Amino acid sequence: MFAIRNVVIDPPLILAPVAGHTDTLFRQAVKGLGGCGLVVSELVSTEGMTRHQERTFHLTRFEDSERPVSIQVFGSDPARMAASAVMVEEMGADIVDINLGCPVKKVVKQGGGSNLLRDLPLLEKIFKAVRAAVKIPMTIKIRSGWDRNSINAIEVSKLAEDCGVEALAVHG
């Protein structure tokens, strides 16, 4: 057992977000087996959330039986990231998670996911905007760096800690 602030994770295992797979039904099934203490939604676009796109909201849907639950968001605009984090909190999620690990073209092309590992000043603005906007715990998922020539996980981790991020996962 461990906790991210007041969110107890017991058993101490987290179901990683997987695009196209970790929808509410899958998360409920995994939770029902009793093998995981926290479930995380698949990554959700802040653009889709703040533009109120129905498909995006479908990805954020969860049931109480999944708790504790984290909703993972991605984007690159600090104001939209903060607005989507507020939406996550208003939905009743236990944690908001920021994706800094996805290398998929359509995510990176929008400036989100692992692309943010290349712009630490922007990343700092995002962390501060999200932290100021919500009361629930904020976590991140990162890669070790943008590529093998720019490994900066330690620098990103220190920045995250300084900005109020409460836990991180490394996608190796």
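Strands here are DSSP runs of E at least two residues long, and helices are H or I runs of at least four, both numbered from the N terminus. With that in hand, Arg-5 falls in the loop between strand S1 (2-4) and S2. What follows is a quick tour of a predicted model. The chain has 7 helices and 9 strands. Its radius of gyration is 15 Å, close to the 16 Å that the globule rule gives for 172 residues, so the chain is as compact as a globular protein of that length.

**Overall build**

- Along the principal axes, the C-alpha atoms fill a box of roughly 40 × 35 × 30 Å.
- Out of 172 residues, 50% count as buried.
- Sequence-distant pairs carry much of the contact map: among contacts with a separation of 6 or more, 72% come from residues 24 or more positions apart.
- About 8500 Å² of the chain is accessible surface, and carbon and sulfur atoms own 55% of that.
- On the charge side, there are 20 positive and 20 negative charges, and their mean positions sit 6 Å apart.

**Salt bridges**

- Side chains of opposite charge can pair when their charged atoms come close.
- Searching the whole structure turns up 9 salt bridges.
- One of them joins the side chains of Arg-27 and Glu-66, at 2.5 Å from N to O. This pair links distant parts of the chain, 39 residues apart: Arg-27 belongs to helix H1 (residues 24-33), while Glu-66 is in the loop between helix H3 (54-60) and strand S6 (69-74).
- Are the two partners buried or exposed? Arg-27 has a relative accessible area of 0%, so it is buried, and Glu-66 is buried as well, because its relative accessibility is 0%.
- Arg-61 and Glu-63 form another salt bridge, with 3.2 Å between the closest N and O atoms. Arg-61 is partly exposed at 40% relative accessibility, and Glu-63 is partly exposed at 32%.
- Glu-124 pairs with Lys-128, and here the closest N and O atoms are 2.9 Å apart. Both residues are in helix H6, and because they are 4 residues apart, about one helical turn separates them.
- Glu-124 counts as partly exposed, with 29% relative accessibility, and Lys-128 is partly exposed with 47%.
- There is also a salt-bridge network, made up of Arg-5, Arg-131 and Glu-166.

**Backbone oddities**

- Two cis peptide bonds are worth a look. The bond from Asp-10 to Pro-11 is cis, with omega near 5 degrees, and Pro-11 is in the loop between strand S2 (7-9) and strand S3 (14-15).
- Arg-67 and Pro-68 are also joined by a cis peptide bond, with omega about -5 degrees. Pro-68 is placed in the loop between H3 and S6.
- Arg-5, already met in the salt-bridge network, has a positive phi near 55 degrees despite being a residue other than glycine. At 44% relative accessibility, Arg-5 is partly exposed.
- What is the phi of His-52? His-52 has a positive value of about 60 degrees, although it is not a glycine. It is in the loop between helix H2 (46-50) and H3.
- Why does His-52 count as exposed? Exposed means over 50% relative accessible area, and His-52 has 58% relative accessibility, so it qualifies.

**Three residues to click on**

- Ser-114 is in the loop between helix H5 (105-108) and H6. Its relative accessibility is 1%, so Ser-114 counts as buried.
- Which residues does Ser-114 touch? Leaving out residues up to four places away in sequence, they are Leu-100, Gly-101, Cys-102, Pro-103, Val-108, Arg-143 and Trp-146.
- Val-86 belongs to helix H4 (residues 78-91) and is partly exposed, with a relative accessible area of 25%.
- Val-86 touches Ala-133 and Val-134, again not counting residues up to four places away in sequence. The C-alpha atoms of Val-86 and Gly-145 are 28 Å apart, with their positions 59 residues apart along the chain.
- Lys-125 is part of helix H6 (residues 120-133), and its 54% relative accessibility makes it exposed.
- For a distance check, the C-alpha atoms of Lys-125 and Val-73 are separated by 15 Å, the two residues being 52 apart along the chain.

Methods. Residues are numbered from 1 along each chain as its sequence is written. This is a predicted model: local features need pLDDT of at least 70, side-chain atom pairs count only at pLDDT 80 or more; totals for chains, interfaces and linings use all residues. Side-chain values use heavy atoms; hydrogens and water are left out. Buried means under 20% relative accessible area, exposed over 50%, partly exposed in between (1.4 Å probe, protein chains only). The radius of gyration is taken over C-alpha atoms; the globule rule is 2.2 Å times the number of residues to the power 0.38. Contact means heavy atoms within 4.5 Å. Accessible areas come from the Shrake-Rupley method with a 1.4 Å probe; for residues, only the protein chains shown count as cover. Lys and Arg count as positive and Asp and Glu as negative; His and the chain ends are not counted. The place of a charge is taken as NZ of Lys, CZ of Arg, CG of Asp or CD of Glu. A salt bridge is a side-chain nitrogen of Lys or Arg within 4 Å of a carboxyl oxygen of Asp or Glu.
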